[in-house]
Protein chains: 2
Amino acid sequence: MTEHPQELLTAYSGRMLAELDWLATFGGDAEGGVTRLLYSAPWLQAQMALMDKMQELGLTADFDEVGNLFGKLKGSQPELKPVLTGSHVDTVKNGGKYDGAYGVVASMMALGFLKAVYGTPKRTLEVVSFCEEEGSRFPLAYWGSGHVTGALSMLDGNGLVDREGVTMLEAMAEAGFETEPARLYPARREDIGAYIEIHIEQGGVLEYKQKQIGVVTAIVGQIRHIVVVSGASNHAGTTPMTMRRDALAGAAEMVALTERKALGEGEPLVATVGRLEVKRGTSNVVPGEVEFTLDIRHTDAVAMDAFRDGLLAEFREIAEQRGLGIQITEHLYALPVAMDEGISAEIEAACDYYGYPSWRMPSGAGHDAQLFGTVCPSAMIFVPSQGGISHSPKEYTSPVELVNGFQTLVRVLYQYGYGGKADEDV
Amino acid sequence: MTEHPQELLTAYSGRMLAELDWLATFGGDAEGGVTRLLYSAPWLQAQMALMDKMQELGLTADFDEVGNLFGKLKGSQPELKPVLTGSHVDTVKNGGKYDGAYGVVASMMALGFLKAVYGTPKRTLEVVSFCEEEGSRFPLAYWGSGHVTGALSMLDGNGLVDREGVTMLEAMAEAGFETEPARLYPARREDIGAYIEIHIEQGGVLEYKQKQIGVVTAIVGQIRHIVVVSGASNHAGTTPMTMRRDALAGAAEMVALTERKALGEGEPLVATVGRLEVKRGTSNVVPGEVEFTLDIRHTDAVAMDAFRDGLLAEFREIAEQRGLGIQITEHLYALPVAMDEGISAEIEAACDYYGYPSWRMPSGAGHDAQLFGTVCPSAMIFVPSQGGISHSPKEYTSPVELVNGFQTLVRVLYQYGYGGKADEDV
């Protein structure tokens with residue numbers, strides 16, 4: 001296999017770490033938190049500054065109509081579809097400096113390194129800094145990759161307002177983007193040959209398993225429900241136990257059942273009750289109504305649906321036995337998205353080359369890659385998250401781990417741009 | 001037994017119902033709700049108007065220093081300690097028209113009837129309209145009966161402020177009461193021989209058992225806790241089930257256990273988790289912290305404590321097994337208060353006389369009578385609450401039931417003022 005010039009790779013690795021710190025200054029606070037909401041001033045400054053960096057690295061940088069930033073390293077063989085790599089530049093409110101940003105910076109520096117060392121590739125390689133993935137400002141996620149893949153159109157932004165009452169279109173216009181909303185798919189691209197994203201794990205599996213690199217097999221499907229359990233609100237002192245219809249006691253049984261059945265089902269299924277509210281809950285009143293969320297994820301749609309059906313049937317039985325009402329609303333259903341076996345094998349080969357212990361694993365979180373996974377071969381590289389923490393200023397991946405991921409990505413991109421995979425469609 | 005002149009009793013019964021409607025106009029709204037918070041304008045107007053009514057009925061009416069209103073029917077034998085009867089005039093916010101008010105009006109009209117028919121009693125009989133019982137304006141209950149019995153002093157009002165930032169002393173002064181806060185027990189009375197309170201049940205037992213009158217055996221003791229369960233807040237997608245420390249799953253097990261153990265223990269014990277909050281709960285995050293209340297009530301202190309000890313030990317075991325932290329804070333401990341057997345027997349005798357089906361039962365709610373129960377013989381008469389509802393505009397007791405309770409009270413007060421119990425200490 002090709003031996004990259006190690007000294008230069010080390011230099012670019014160091015620069016990659018420095019650029020990551022630099023990017024965190026846009027929207028960063030003194031406590032290490034980062035807030036770059038879509039189309040906000042720090043977001044725009046970050047994208048503009050990234051554009052400059054891309055140009056410095058010799059890439060042709062430009063925005064699309066919705067604010068996604070592309071840096072192109074044009075290939076010599078136009079018949080080969082480009083490989084796109086990157087992640088998103090937006091963050092949650094008071095998020096960390098790695099989520100999304102690492103993928104943008106690592107991809108940009110990888111292309112910079114490859115151009116510096118090998119010049120023009122056969123296949124066009126592109127880095128992308130997606131405008132939005134988190135859904136933190138407007139109640140819609142994947143605004144960036146959704147537009148590029150055609151999963152979202154401008155219509156999906158209609159009626160969306162942020163907490164200050166600013167509409168999506170107003171925010172776009174203020175940041176200088178799309179002024180002609182009649183074009184439904186202003187940023188759609190149908191030329192992408194493959195998509196590769198490097199990202200922090202946002203979970204604790206790699207750390208626990210003592211692995212350096214996660215090779216993502218699939219991004220889990222997800223079903224989200226809201227469950228409302230209704231009983232009778234009664235005085236906690238004057239209502240004997242046998243005369244109660246306690247909505248919380250019923251809900252508690254359902255929460256406990258959810259955990260028990262999920263443990264019984266085994267990995268990769270997870271099921272979570274993350275929010276539970278006792279309506280008008282007060283210490284001396286038997287709860288009359290409880291609302292909770294139920295989030296089920298699995299890499300296999302059939303298994304996910306079967307688990308959901310069984311669990312909800314038991315919920316209804318519990319409610320009936322207790323004389324409680326139950327209302328279950330599904331408000332999100334996303335199919336699992338498989339990652340590409342071919343690219344994943346290249347990632348593993350790169351890990352083997354460097355001696356990084358790798359681990360095949362599902363992604364339990366959503367990523368831009370899941371939008372691409374339905375339109376072109378896509379893959380993801382995970383690096384460990386200390387304590388599994390993300391969406392927090394405490395988000396942390398060590399410099400060594402960040403560099404290992406970066407060098408893995410460089411090797412894979414080399415393969416598709418210049419190496420053994422550069423002469424064929426992905 | 002004495003036969004009261006039925007025509008006049010019927011007339012006073014009708015007037016009692018009318019006065020109950022009239023009292024509900026003070027602080028009443030169009031939807032049937034009543035709000036008379038301590039020392040507020042509607043509260044003061046109600047107490048002033050009640051004072052006038054008491055005087056019209058031939059009672060000597062006066063306020064004490066904290067705003068309790070007494071109407072005295074002076075007896076001929078000053079060596080006999082007075083029997084006090086009544087309830088509280090304050091309400092919760094948007095409460096009903098029966099809670100407290102019924103006891104005030106029924107007691108006042110009972111004394112009015114007795115005076116009209118029998119003139120001066122042997123023993124002094126007094127009606128009281130306590131200024132406060134609910135704890136709805138300031139975070140302290142039993143401000144009225146607490147002062148009369150010496151359970152509370154002016155010091156207990158120190159530092160208390162309502163939602164508008166008004167202090168207890170400012171509110172008192174504005175309503176025209178206690179301007180010399182240095183007197184710790186300005187309203188304490190040590191001359192009361194017995195206390196009898198008629199009140200709506202605020203539960204559904206009498207309705208369920210098809211009984212007319214509840215004879216209260218004891219007011220339950222109560223222990224209130226706040227339980228905080230802490231685990232690890234993690235991403236709901238990326239954290240495998242076996243790697244979670246889910247605070248809500250642990251709390252749900254505790255809630256379910258509370259109900260199961262309470263059902264196993266049997267009446268009169270009740271245990272309730274009325275409030276449960278998932279801190280920063282959101283659908284895609286494994287809950288890191290849950291706080292819930294635990295309310296345990298029983299008429300027997302030893303059984304109450306034993307139940308508490310057993311339950312909390314199991315809570316701690318659940319937490320330990322799950323690797324969760326648990327912090328349990330007791331923030332109220334009230335001993336059960338037994339009602340007087342002698343007066344209760346008189347109540348039952350009155351029920352038997354009229355043919356009202358009666359039922360011995362604990363009071364699961366707190367009442368002014370529990371303050372008196374520790375300093376003098378005390379008793380309570382319950383009338384049914386439709387659907388067990390109280391603290392709501394939907395609070396309802398039928399006129400027939402209200403009159404049955406009233407006539408029972410009249411008979412019992414006759415006994416202690418003029419009849420077979422009028423020549424001896426209670």
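Two residues are in contact here when heavy atoms of theirs lie within 4.5 Å. With that in hand, let us walk through this structure.

The model is a predicted one, so local features need pLDDT of at least 70 and side-chain atom pairs count only at pLDDT 80 or more, while totals for chains, interfaces and linings use all residues. Residues are numbered from 1 along each chain as its sequence is written, chains are lettered from A and ligands numbered from 1 in the order in which they are written, and side-chain values use heavy atoms, with hydrogens and water left out.

**An annotated site in chain A**

An unreviewed UniProt entry carries the annotation "binding site" for A:His88, A:Asp99 and A:His199; such annotations may be inferred rather than shown by experiment, feature names are shortened, and positions follow the numbering used here. These residues are spread over 112 residues of sequence, yet they cluster in space, with a largest C-alpha distance of 9.8 Å.

Both histidines sit in strands, which are DSSP runs (E, at least two residues) numbered from the N terminus; helices are runs of H or I with at least four residues. Buried means under 20% relative accessible area, exposed over 50% and partly exposed in between, using a 1.4 Å probe and protein chains only.

| Residue | Strand of chain A | Relative accessibility |
|---|---|---|
| A:His88 | β3 (residues 83–88) | 0%, buried |
| A:His199 | β5 (residues 194–200) | 1%, buried |

Beyond four places in sequence, A:His88 touches ten residues' worth of company, including A:Asp99, A:Phe130, A:His199 and A:Asp368. The side chain of A:His88 also makes a polar contact with the side chain of A:Asp90 at 2.9 Å. A polar contact is a pair of N or O atoms within 3.5 Å; within protein, one must be able to donate a hydrogen and the other to accept it, and residues adjacent in sequence count only if both atoms are side-chain atoms. For A:His199, contacts outside its neighbours within four places include A:His88, A:Asp99, A:Tyr102 and A:Phe382.

**Nonpolar cores**

A nonpolar core is a set of buried Ala, Val, Leu, Ile, Met, Phe, Trp, Tyr and Cys residues joined through side-chain atoms within 4.5 Å. The largest has 74 residues, and those touching the most other members include B:Met16, B:Tyr102 and B:Phe406. Helix α3 (residues 101–118) of chain B gives the most to this core, with 11 residues. Among the contacts of B:Met16 beyond four places in sequence are B:Tyr102, B:Met109 and B:Phe406. A second, separate core of 73 residues includes A:Met54 and A:Trp143.

**Cysteines**

How many disulfides does the structure hold? Over all chains there are 0 disulfides, a disulfide being a pair of cysteine sulfur atoms within 2.5 Å. For B:Cys131, the nearest cysteine sulfur belongs to B:Cys376, 18 Å away. B:Cys131 counts as buried because its relative accessibility is 0%.
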